[in-house]
Amino acid sequence: MKSALQFDDWDIPTAAAFAATSPVDLTGTMAAQQPAPVLPPIDAEQKRVVNGQADINQLAPFKYPWAWSFFLNANRNHWTPLEISMAQDVHDYPYKLTPAERHVFENVLAYLTTSDILAMRNIGLAVMEKMSAPELQIYQARQVYEEALHTWAYQHCIETLGLDQREIYNRYRVVPEIHGKIALANRRLHGVLQSGRPLTDRDALHEFAMAYLFFAAVFEGCWFYNGFSPMFALQRRGLMKGAAEQLQYIMRDEVLHCAFGIRVVRQLLEEENLQLDPQALRRMWDEAEAAEAAYAGYILREPILGYNAGLHIEQFRYVANRRARQLGMAEPFSGAANVLPWLDEQANLRKEKNFFETRVTEYQTGGALVWE
Ligand SMILES: [Fe+2]
Ligand SMILES: [Fe+2]
């Protein structure tokens with residue numbers, strides 16, 4: 001009996017059968033057999049980040065070989081949330097966490113899961129279609145998948161711990177301090193979060209560059225990067241280690257997302273000879289800091305052992321300075337201190353060189369992943 005999911009015996013019409021039913025060539029004349037017009041070959045140098053006229057279906061030769069390297073590196077990071085044991089977390093969450101720690105854990109999770117859906121939509125529906133070089137789009141296609149994977153990881157944590165899904169997923173709507181960050185992101189991305197919007201004038205280009213810069217350097221590079229740290233503070237005390245390990249995998253992806261986005265923005269500014277308005281940049285950093293401070297004040301209204309709102313916001317400023325330097329721009333928060341030096345260790349990509357082998361080994365034994 002024929003299965004509904006057999007892909008090798010679909011009823012594909014033969015060429016003769018197709019011709020017999022085709023409305024194109026009813027007379028049998030030569031008109032339908034005109035060869036397609038010949039197109040001139042193009043050079044890689046004709047590619048541009050946006051508004052390019054080169055063939056979008058030609059991957060190589062590359063104009064941006066670094067983008068292809070990002071794609072290859074991202075594929076070395078493959079993982080799924082099911083590979084990480086959550087057994088200890090199921091016990092820690094109700095029995096070992098204090099109420100203040102549970103408050104931190106739940107609200108960080110609620111913020112992150114909303115953010116990752118927003119990230120997926122922004123890259124997949126708005127940014128990717130504006131890129132006019134396939135090597136840029138192909139990394140972003142991988143990024144879209146990774147953002148979906150991150151959402152799966154949070155959902156896996158939420159399901160495993162038996163959290164109230166309606167309550168967790170609505171939290172960003174009903175808690176003003178969480179909503180503030182999402183609302184700011186929506187406002188800053190609104191200008192580009194529309195498909196088909198042309199980038200034909202300097203104002204539209206400036207708005208797009210500012211939005212992508214905000215997304216890569218602030219949303220992913222600061223708010224995500226620094227946003228995992230309250231969970232890592234628990235992990236460092238031996239608590240919620242499964243959830244924290246999920247976040248380490250996510251963080252490693254986000255480090256690449258941020259680096260790629262910053263690289264694209266630099267390339268865009270250079271190609272378009274575009275100068276960003278310093279006052280617009282200052283406003284962006286100030287708004288991001290204010291939103292982060294309100295958020296930190298809420299999630300850490302009571303400090304937890306080894307972590308508090310003051311540390312969180314100072315580390316935000318320190319990471320923001322790094323992102324500005326990577327963009328070749330002035331530091332927005334001069335003198336900010338690296339108060340959580342262990343945060344960089346969590347994202348340390350030196351782990352990556354042995355990652356694949358480690359994953360396979362640990363997958364076979366079913367133990368927790370160890371990267372070094
Ligand atoms: Fe993500
Ligand atoms: Fe991301």
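Select Leu109 to begin, and show with it Tyr154, Cys157, Ile158 and Ile168, the residues that Leu109 touches when those up to four places away in sequence are left out; two residues count as in contact if their C-beta atoms, placed from the backbone, lie within 7 Å. Leu109 belongs to helix H4, where helices (H or I, at least four residues) and strands (E, at least two) are DSSP runs numbered from the N terminus. Leu109 is buried, with 21 other C-beta atoms within 10 Å; a residue is called buried if 20 or more other C-beta atoms lie within 10 Å of its own, exposed if 12 or fewer, and partly exposed in between, with C-beta atoms placed from the backbone. Add Tyr169 to the selection, and its C-alpha atom will be found 9.3 Å from that of Leu109, although the two are 60 residues apart along the chain.

Before going on, please note that this is a predicted model, in which local features need pLDDT of at least 70 and side-chain atom pairs count only at pLDDT 80 or more, while totals for chains, interfaces and linings use all residues. Residues are numbered from 1 along each chain as its sequence is written, and chains are lettered from A and ligands numbered from 1 in the order in which they are written.

**The whole chain**

Zoom out to the protein chain, whose secondary structure comes to 14 helices and zero strands. Of its 372 residues, 37% are buried, and among the contacts with a separation of 6 or more, 75% join residues 24 or more positions apart.

**The loop between H1 and H2**

Move next to the loop between helix H1 (15-21) and helix H2 (65-74), where Pro61 lies. The peptide bond from Ala60 to Pro61 is cis, with omega near 0°. The same loop between H1 and H2 holds Asn51, which has a positive phi of about 60° although it is not a glycine. Most residues other than glycine have a negative phi, and most peptide bonds are trans. Asn51 counts as partly exposed, with 13 C-beta neighbours inside 10 Å.

**Helix H3**

Select helix H3 (residues 87-95) and pick out Asp89, Asp92 and Tyr93, which are buried. These residues cover an arc of only 100° around the axis, which puts them on the same side of H3; the arc is that of the directions from the helix axis to the C-beta atoms. Helix H5 (134-161) and H10 are included in what covers the buried residues of H3, whereas the face turned away from the buried side carries the exposed residues Ala87, His91, Pro94 and Tyr95.

**Where H6 meets H7**

Now show helix H6 (residues 165-174) together with helix H7 (residues 176-190), which pack at an angle of about 75° with their axes 6 Å apart. Axes here are lines fitted to C-alpha atoms, for helices over the stretch in contact, and angles run from 0 to 180 degrees between N-to-C directions. H6 and H7 are therefore roughly perpendicular to each other, since angles of 65 to 115 degrees count as roughly perpendicular, those under 35 as roughly parallel, those over 145 as roughly antiparallel and the rest as oblique. On the H6 side of the contact are Arg171, Tyr172 and Arg173, and on the H7 side Ile178, His179 and Ile182.

**Met240**

Travel on to the loop between H9 and H10, where Met240 is found. Met240 has a positive phi of about 50° although it is not a glycine, and it is buried, with 26 other C-beta atoms within 10 Å.

**Helices H11 and H12**

Select helix H11 (residues 278-299) and colour Met284, Trp285, Ala288, Ala291, Glu292, Tyr295, Ala296 and Ile299, which are buried. They cover an arc of only 135° around the axis, which puts them on the same side of H11. Turn to the face away from that buried side to find the exposed residues Gln279, Arg282, Arg283, Asp286 and Ala290. The buried residues of H11 pack against helix H4 (99-130), H7, helix H8 (202-227), helix H9 (229-235) and helix H12 (309-326).

Finish at H12, whose buried residues include His312, Phe316, Tyr318 and Arg323. The buried residues of H12 pack against H8, H9, helix H10 (241-272), H11 and helix H13 (342-346). Just after H12, the last stop is Gly328, which takes a positive phi of about 75°.
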